[in-house]
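Trainee: Could you take me closely through one part of this model, the way its helices pack against one another, and then follow that packing outward to the residues around it? I would like one connected account rather than a list.

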Amino acid sequence: MLPNLTLSKVMDNNLRIVKGFTYTEPEKQFAEKLQTTFIGNSKPIPFAEATANIKPFSVSTEAGGASSDVGDVSWTVPTAGIITATFVPGSSGHSWQNVAAAGTSIGAKGMMVAAKTIALSAYDLFKNPELVKKANTELTDKRGTDFKYDAMLGNRKPALDYRK
């Protein structure tokens, strides 16, 4: 992943404009029931951490515990990302609890925070071409002017032809 500081700052600024969201009483009740099913989590994380607290701005270049195709994309075009809570605080990744919350208004509210942030960021880029130029210059500076993208697979045929 080659994060772009220029785009990341634009998104962070817009996330602070959008802010978080609050749980309704029925959402709180649902979330509390889900939290009782968490294994090894004796102290539930307060809902405010998912709905109101926006962490201080930071950009990490360290590899995380997950993979994403956006890593390859980030070496060819300026890239930034955002993470919002669409599940109950303390849920394990890829758990049934995440699926349960994501399909409710809790998930929809978190998704809307991300969607509004991304939309405002796109608007900023459309109205200010200098930001786009700055992001592209940053990308070129980070990867070098002689950079050429080569997919790790190279030009070989796919190992599996699922159409047969």
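Mentor: In this predicted model, helix H6, residues 105-127, packs against helix H7, residues 129-143, at an angle of about 100 degrees, with their axes 4 Å apart. An angle between 65 and 115 degrees counts as roughly perpendicular, and H6 is therefore described as roughly perpendicular to H7. The residues that meet are Asp124, Leu125, Phe126 and Lys127 on the H6 side and Pro129, Leu131 and Val132 on the H7 side. By character, the residues of this contact divide into 5 nonpolar, no polar and 2 charged.

H6 itself has 23 residues, and from its first C-alpha to its last it reaches 32 Å, which is close to the 33 Å expected at 1.5 Å a residue. The buried residues in H6 are Ile106, Gly107, Gly110, Val113, Ala114, Thr117, Ser121 and Asp124. A general point helps in reading such a list: an α-helix has 3.6 residues a turn, so residues three or four places apart point the same way. What the buried residues of H6 pack against is H1, H2, helix H5 (96-102) and H7. Asp124 thus appears twice in this account, as a buried residue of H6 and as one of the residues that meet H7.

One residue of H6 with a different setting deserves a separate look, namely lysine 109, whose place is in that helix. With a relative accessible area of 24%, lysine 109 is partly exposed. Leaving aside its neighbours within four places in sequence, lysine 109 is in contact with Phe21, Thr22, Tyr23, Thr24 and Glu27. The C-alpha atoms of lysine 109 and threonine 84 are separated by 9.5 Å, although the two residues are 25 residues apart along the chain.

H7 also has a contact with H1, where the axes come within 8 Å and cross at roughly 140 degrees. That angle makes H1 oblique to H7. From H1, the residues Leu5, Thr6, Leu7 and Val10 meet Leu131, Lys134, Ala135, Glu138 and Lys142 of H7. This contact divides into 5 nonpolar, 1 polar and 3 charged residues. Leu131 takes part in the contact with H1 and also in the contact with H6.

Glutamate 138, which lies in helix H7, is worth examining within that contact. Its relative accessible area is 14%, and glutamate 138 is therefore buried, since buried means under 20%. Not counting residues up to four places away in sequence, glutamate 138 touches Pro3, Asn4, Leu5 and Thr6.

Turning to H1, its 14 residues should span 20 Å at 1.5 Å a residue, and its end C-alpha atoms are 20 Å apart, which agrees. The buried residues of H1 are Thr6, Leu7, Ser8, Val10, Met11, Asp12, Asn14, Leu15 and Val18. Their cover includes H6 and H7.

These helices also lead into the largest nonpolar core, which has 12 residues: Leu15, Val18, Phe21, Tyr23, Ala31, Leu34, Phe38, Phe47, Val88, Ala101, Ile106 and Val113. The elements that give two or more residues to this core are helix H1 (5-18), helix H2 (25-35) and H6. As a general matter, nonpolar side chains in soluble globular proteins tend to be buried together. Phenylalanine 38, a member of the core, touches Val88, Pro89, Gly90, Ser91 and Gln97 when residues up to four places away in sequence are not counted.

Two loop residues complete the picture on the backbone side. Most residues other than glycine have a negative phi. Lysine 19, in the loop between H1 and H2, has a phi near 70 degrees, a positive value in a residue other than glycine. At 52% relative accessibility, lysine 19 counts as exposed. Histidine 94 lies in the loop between helix H4 (70-73) and H5, and its phi is also positive, at about 55 degrees, although histidine 94 is not a glycine. At 87% relative accessibility, histidine 94 counts as exposed.

Finally, alanine 151 has its place in the segment after H7. At 37% relative accessibility, alanine 151 counts as partly exposed. From C-alpha to C-alpha, alanine 151 and aspartate 72 are 8.1 Å apart in space, while in sequence they are 79 residues apart.

Conventions
Residues numbered from 1 in each chain as written. Predicted model: local features only at pLDDT ≥ 70, side-chain atom pairs only at ≥ 80, totals over all residues. Heavy atoms only, no water. Axes fitted to C-alpha atoms, helices over the stretch in contact; angles between N-to-C directions. Parallel < 35°, antiparallel > 145°, perpendicular 65-115°, else oblique. Contact = heavy atoms within 4.5 Å. Nonpolar A, V, L, I, M, F, W, Y, C, P; charged D, E, K, R; others polar. Core = buried A, V, L, I, M, F, W, Y, C linked by side-chain atoms within 4.5 Å. Buried < 20%, exposed > 50% of the residue type's maximum accessible area, 1.4 Å probe, protein only. Expected span 1.5 Å × (residues − 1).
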